[in-house]
Amino acid sequence: MRPSHELLQVLPDGTVKQRNPFTGTQVWTMPGRGKRPLPAALDEPTPLPPGGVADRCAFCPGHHLDNPPERARLLREGDQWTTLTGLRADQLALTEPLFRRVPNLFEICSLDYWRLNHGVELSDEVVERAEQYLADAAGRAHLAHVWRLKHRLADDAPGPDRQALRQAALGWFGTTHELVIPRRHHVEGATATDQLASSGELSVAEHRAYVAMSVEAMADLYASNAAVRYVSVFQNWLKPAGASFEHLHRQVVAIDEVGAHVDAAADVLARNPNAFNEHLLDVAIEHGLVLAANEHAVALAGFGHRYPSIEVYSLSQQQEPWRLSPQQLDGMSDLLHAMHAAAGPTLSCNEEWHHRPPTLDEGPVETDLPVPFRIILKWRISTLAGFEGATKIYLNTLSPWDVRNRVLPRLEELRSQGRIAPMQIGDECQVAKGSIPS
Ligand SMILES: [Zn+2]
């Protein structure tokens with residue numbers, strides 16, 4: 001571990017050198033490039049046809065049968081939120097969900113991955129649910145339609161045989177790779193293709209529901225089978241960030257390894273349980289990089305990432321997201337929402353969730369390591385090239401201060417318009433050093 005003063009340095013010519021305290025990633029920002037306008041990740045906008053893009057988008061309302069059988073849907077009536085689960089195919093059109101959880105049609109780890117590599121079998125409950133869906137004519141037709149979509153076959157092509165359809169159904173009902181999909185593709189009343197319903201365009205209450213539903217999916221996937229060691233949650237917004245759709249969605253994926261980030265954090269924490277404060281939060285406070293805070297979370301301009309980044313930290317004593325109180329989770333959601341809103345809907349970004357997996361307690365590494373729940377936003381405004389590949393030094397056009405200087409005025413504006421939740425912004429932030437529980 002480098003001493004803290006080496007993590008973020010400004011050289012005499014203004015070059016900023018950053019080093020990630022956990023991964024060691026080295027980043028340079030050369031002076032004088034931070035004021036240029038950020039590239040929009042969208043084509044020139046064109047007028048929207050009446051009815052929007054619903055015809056072409058499998059995530060839009062009216063296309064629910066193009067997705068594998070739904071896990072859950074969230075309805076809203078006034079301030080009342082209701083979750084529906086276990087719907088039949090013929091019930092999907094009866095209500096208008098604001099958010100849905102559906103299996104990813106192209107999952108990362110398949111049923112066979114868990115079965116053949118880990119000997120994991122589906123629970124009786126999952127098998128029964130799949131059998132029920134198959135026994136119903138509308139359910140069977142839905143499954144066959146999705147199977148044809150997955151195999152890029154026309155709807156009048158010969159369908160799957162009984163065995164193939166049953167296998168597909170078991171895969172979807174037992175999925176370990178879900179999508180959480182908000183209803184809207186464009187904002188209400190949109191007239192042009194670039195008026196997309198990004199995370200920041202959701203209302204504060206909608207964004208809280210979106211986060212809570214993602215956390216529910218996470219907890220469910222941890223519980224789904226004993227070989228799951230980590231559940232990765234991420235959101236890719238627009239093409240440069242790897243999104244194949246412009247319809248907002250978050251992915252929740254169970255895997256059988258904890259991944260390099262958890263390992264790196266666990267390594268550092270085993271040597272210094274206060275590392276997230278000493279090498280991260282405290283450094284950000286000293287350098288004026290705190291962007292916003294509330295009682296439960298803090299957002300800061302990050303350093304040592306391949307792309308200009310914002311990090312949102314939970315200040316809860318609980319490290320697993322599903323153990324946060326609803327108020328603590330809302331606190332995280334509010335800052336995340338505000339950061340998305342400040343970046344705007346045309347800026348491409350990755351949202352990556354990091355947390356302590358419950359299995360860390362049982363593994364060979366230290367028990368009870370205080371790996372904080374945090375969400376990192378990476379602005380995909382540049383493309384990695386030969387220099388990065390050859391040196392492993394990443395060039396960012398925006399330094400952490402450039403990120404701060406862009407975000408703060410926008411946050412003030414959004415707050416005065418009532419578009420984000422109440423929060424402290426910039427110098428108002430009351431976050432003390434050492435606030436991340438360790
Ligand atoms: Zn859509």
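# A tour from the β1-β2 hairpin to the α5/α8 crossing

Begin by selecting β1 and strand β2 (residues 16-19), which run antiparallel and are joined by three bridges. The model on display is a predicted one, and each stop below should be read with that in mind.

**The first hairpin.** With the two strands selected, show the backbone and look for the paired positions: Leu 8 has Gln 18 as its bridge partner in β2, while Gln 9 stands opposite Lys 17 of β2. Then move to the connection, where five residues lie between the strands of the hairpin and Gly 14 takes a positive phi near 100 degrees.

**The second hairpin.** Keep β2 and add strand β3 (residues 26-29), which pairs with β2 over four bridges in the antiparallel sense. Here Val 16 finds its bridge partner in Thr 29 of β3. The hairpin formed by β2 and β3 has six residues between its strands, and in its turn Gly 24 has a positive phi of about 80 degrees.

**The faces of β2.** In a regular strand the side chains alternate between the two faces of the sheet. Turn on the side chains of β2 and view the strand from either side: Val 16 and Gln 18 belong to its covered face, whereas Lys 17 and Arg 19 belong to the uncovered one.

**The whole sheet.** Now extend the selection to β15, which completes an open sheet of four strands in the order β1-β2-β3-β15, with mixed pairing. Which strands stand at the edges? They are β1 (8-10) and β15 (393-395), each of which has a single partner strand, so that one side of each is left without a neighbour in the sheet. Looking across the strands, you can follow a twist that averages 20 degrees from one strand to the next.

**Two non-glycine residues with positive phi.** Most residues other than glycine have a negative phi, and most peptide bonds are trans. Select Arg 152, which is not a glycine and yet has a positive phi of about 55 degrees; this residue is found in the loop between α3 (137-150) and α4 (162-173). Go next to Leu 238, likewise not a glycine, whose phi is positive at about 70 degrees and whose place is in the loop between β8 (230-237) and β9 (250-255). Is each of these residues buried or exposed? Arg 152 counts as exposed because it has 7 C-beta neighbours inside 10 Å, whereas Leu 238 is buried, with 21 other C-beta atoms within 10 Å.

**The approach to α5.** Select Ser 203, in the loop between β7 (177-182) and α5, which is exposed, with 12 other C-beta atoms within 10 Å. Add Asp 334 and draw a distance between the C-alpha atoms of the two residues: the separation is 9.9 Å, although Ser 203 and Asp 334 are 131 residues apart along the chain.

**The helix crossing.** Finally, display helix α5 (residues 204-224) together with helix α8 (residues 326-343), whose axes come within 9 Å and cross at roughly 120 degrees. The two helices, α5 and α8, are therefore oblique to each other, and their crossing is right-handed. To see the contact itself, show Val 204, His 207, Arg 208, Val 211, Ala 212 and Val 215 of α5 against Leu 329, Asp 330, Met 332, Ser 333, Asp 334, Leu 336 and His 337 of α8. Coloured by type, the residues of this contact of α5 with α8 divide into seven nonpolar, three polar and three charged.

Conventions
Residues are numbered from 1 along each chain as its sequence is written. Axes are lines fitted to C-alpha atoms, for helices over the stretch in contact, and angles run from 0 to 180 degrees between N-to-C directions. Angles under 35 degrees count as roughly parallel, over 145 as roughly antiparallel, 65 to 115 as roughly perpendicular and the rest as oblique. A crossing is left-handed if the near helix is turned anticlockwise from the far one by less than a right angle, and right-handed if clockwise. Two residues are in contact if their C-beta atoms, placed from the backbone, lie within 7 Å. Ala, Val, Leu, Ile, Met, Phe, Trp, Tyr, Cys and Pro count as nonpolar, Asp, Glu, Lys and Arg as charged, and the others, Gly among them, as polar. Two strands pair if DSSP finds at least two bridges between them. A residue is buried if 20 or more other C-beta atoms lie within 10 Å of its own, exposed if 12 or fewer, and partly exposed in between; C-beta atoms are placed from the backbone.
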